[in-house]
Amino acid sequence: MQKIIYLDNSATTRVHPSVVEAMKPYLDTSYANPSSLHQSGREVRIAIEKAREKVAQLLGAETKEIIFASGGTESDNLAIFGSALANRNKGNHIITSQIEHHAVLNPCNELKKQGFDITYLPVDSNGCVDVKEFEKALRKETIFVSIMHSNNEVGTIQPIEEIAEICAARGIIFHTDAVQSVGKVRFNLGNTMINLLSLTAHKFYGPKGVGVLYIRKGTKIQQLQYGGHHEFRRRAGTENTAGIIGLAKAMELSYADMDKTNMRMAGLRDYLENELTKRIDEVKINGHPQNRLPHILNVAFKYVEGESILLNLDSHGICVSSGSACTSESLEPSHVLSAMGVSVEIAHGSIRFSLGRETTKEEINFTIETTVKVIHRLREMSPLYKRKA
Ligand SMILES: *Cc1c(COP(=O)(O)O)cnc(C)c1O
């Protein structure tokens with residue numbers, strides 16, 4: 001079998017072996033419903049509450065502020081619709097950015113259809129929201145703001161804490177999609193003015209289908225899913241026990257060696273970036289040069305198609321993304337790169353390498369050699385490139 005070099009860790013990650021081990025009993029012997037009053041049920045309940053305490057402690061939050069849900073998409077939806085519905089008597093204006101994940105953009109688009117007024121903030125060429133622009137967009141009808149902590153396509157980190165403070169001073173609910181940041185950035189939510197924060201386990205070596213919405217004490221949001229009294233009546237439904245145990249374990253592990261892993265990934269990422277820009281001409285790096293996540297490298301190779309690069313690298317066993325995973329089926333250029341002012345032509349030639357905790361120097365060396373070969377070959381076939389030469 002061909003060896004796979006997995007450089008698509010922003011799409012999802014491999015579940016850590018210790019996480020698999022921690023989850024196993026809850027798929028097998030400890031299967032009771034945590035709401036059941038018998039001993040078996042109570043044992044599972046205790047395990048879930050321990051997981052909640054662990055997550056709260058790692059985020060600098062209180063236990064009751066941690067709501068388990070089915071992942072990043074559900075957490076974003078709960079934050080956005082929940083805030084809009086609970087506060088619509090106060091106003092109908094919402095602010096977000098043009099570079100959000102579709103799990104934020106599409107709920108906002110839906111609210112627009114339902115009569116809300118949405119401002120989609122622009123970003124600069126590094127993919128960064130401008131705090132001054134944000135302040136200008138504020139109105140007395142603004143009830144809710146959602147700006148992602150870091151972008152999943154280019155890795156740029158946003159000035160979230162400043163924006164959260166401005167919101168708090170005006171009594172506006174502030175939500176951040178921190179899906180790409182959790183596991184790579186430390187949070188101490190008790191010391192910030194963030195009201196709502198979304199995260200999902202499968203982006204930090206946990207299982208798919210489980211996430212958290214942090215809901216700061218006193219934040220008014222309406223539940224969207226009605227049923228039993230689960231999750232402090234914020235989200236009904238029998239808990240995904242194994243998923244929750246796995247999420248907490250994955251989070252604990254990623255915090256334990258965060259600094260070391262970040263440094264290693266950033267070192268390999270910078271090496272990849274330097275070699276590609278040195279050895280291939282007309283290469284552009286998309287994203288903020290410093291203020292970015294340690295594991296993402298978004299590169300544009302002029303005169304070639306991202307999809308062709310992806311498929312060629314794939315034939316050598318290298319997994320990358322063009323656009324984001326959710327948009328890669330469409331021919332539209334990435335909405336993130338478009339918002340950054342990247343031309344359609346350059347956007348179409350962009351791919352994202354996203355490293356993981358297991359990525360090795362050998363894998364990066366092979367990726368460099370293969371990418372250099374692939375780009376040269378594709379350019380040989382590109383009429384645009386030949387016309388230039
Ligand atoms: C992956 C991702 C999501 C969606 O999370 P799921 O758990 O897959 O629903 C939301 N926002 C960002 C920024 C992401 O990267």
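How far apart do the C-alpha centres of domain 1 and domain 2 lie? In this model, which I should say at once is a predicted one, the two centres are 29 Å apart.

Let me take the domains before the ligand. The protein chain is divided into domain 1, made of residues 5–13 together with 258–388, and domain 2, which runs through residues 17–256. Their contact draws on 33 residues from domain 1 and 35 residues from domain 2, and between them the two domains bury about 2,800 Å², with 54% of that area on carbon and sulfur atoms. On the domain 1 side, T13, M258 and L293 lose the most area to domain 2, and together they account for 25% of what that side buries.

Now to the ligand, which has 13 residues around it, and of these T73, D177, Q180, T200 and K203 come nearest. If we sort the shell by character, we find two nonpolar residues, eight polar ones and three charged ones, while among the structural elements helix α3, residues 72–87, gives the most to the shell, with three residues.

Some individual atom pairs are worth pointing to on the screen. A nitrogen atom of the ligand sits 2.7 Å from an N or O atom in the side chain of D177, and a polar side-chain atom of K203 is likewise placed 2.7 Å from a ligand atom, in this case an oxygen. With G72 the backbone takes part, as one of its N or O atoms lies 2.9 Å from an oxygen atom of the ligand. Taken on its own, the ligand has 390 Å² of accessible area, and the protein covers 87% of it.

Technical notes:
Residues are numbered from 1 along each chain as its sequence is written. This is a predicted model: local features need pLDDT of at least 70, side-chain atom pairs count only at pLDDT 80 or more; totals for chains, interfaces and linings use all residues. Side-chain values use heavy atoms; hydrogens and water are left out. A residue is near a molecule or strand if one of its heavy atoms lies within 4 Å of it. A polar contact is a pair of N or O atoms within 3.5 Å; within protein, one must be able to donate a hydrogen and the other to accept it, and residues adjacent in sequence count only if both atoms are side-chain atoms. Accessible areas come from the Shrake-Rupley method with a 1.4 Å probe; for residues, only the protein chains shown count as cover. Helices (H or I, at least four residues) and strands (E, at least two) are DSSP runs, numbered from the N terminus. Ala, Val, Leu, Ile, Met, Phe, Trp, Tyr, Cys and Pro count as nonpolar, Asp, Glu, Lys and Arg as charged, and the others, Gly among them, as polar. Domain bounds come from an automatic or database domain assignment. Contact means heavy atoms within 4.5 Å. Buried area is the accessible area (1.4 Å probe) that two parts lose on being put together, summed over both.
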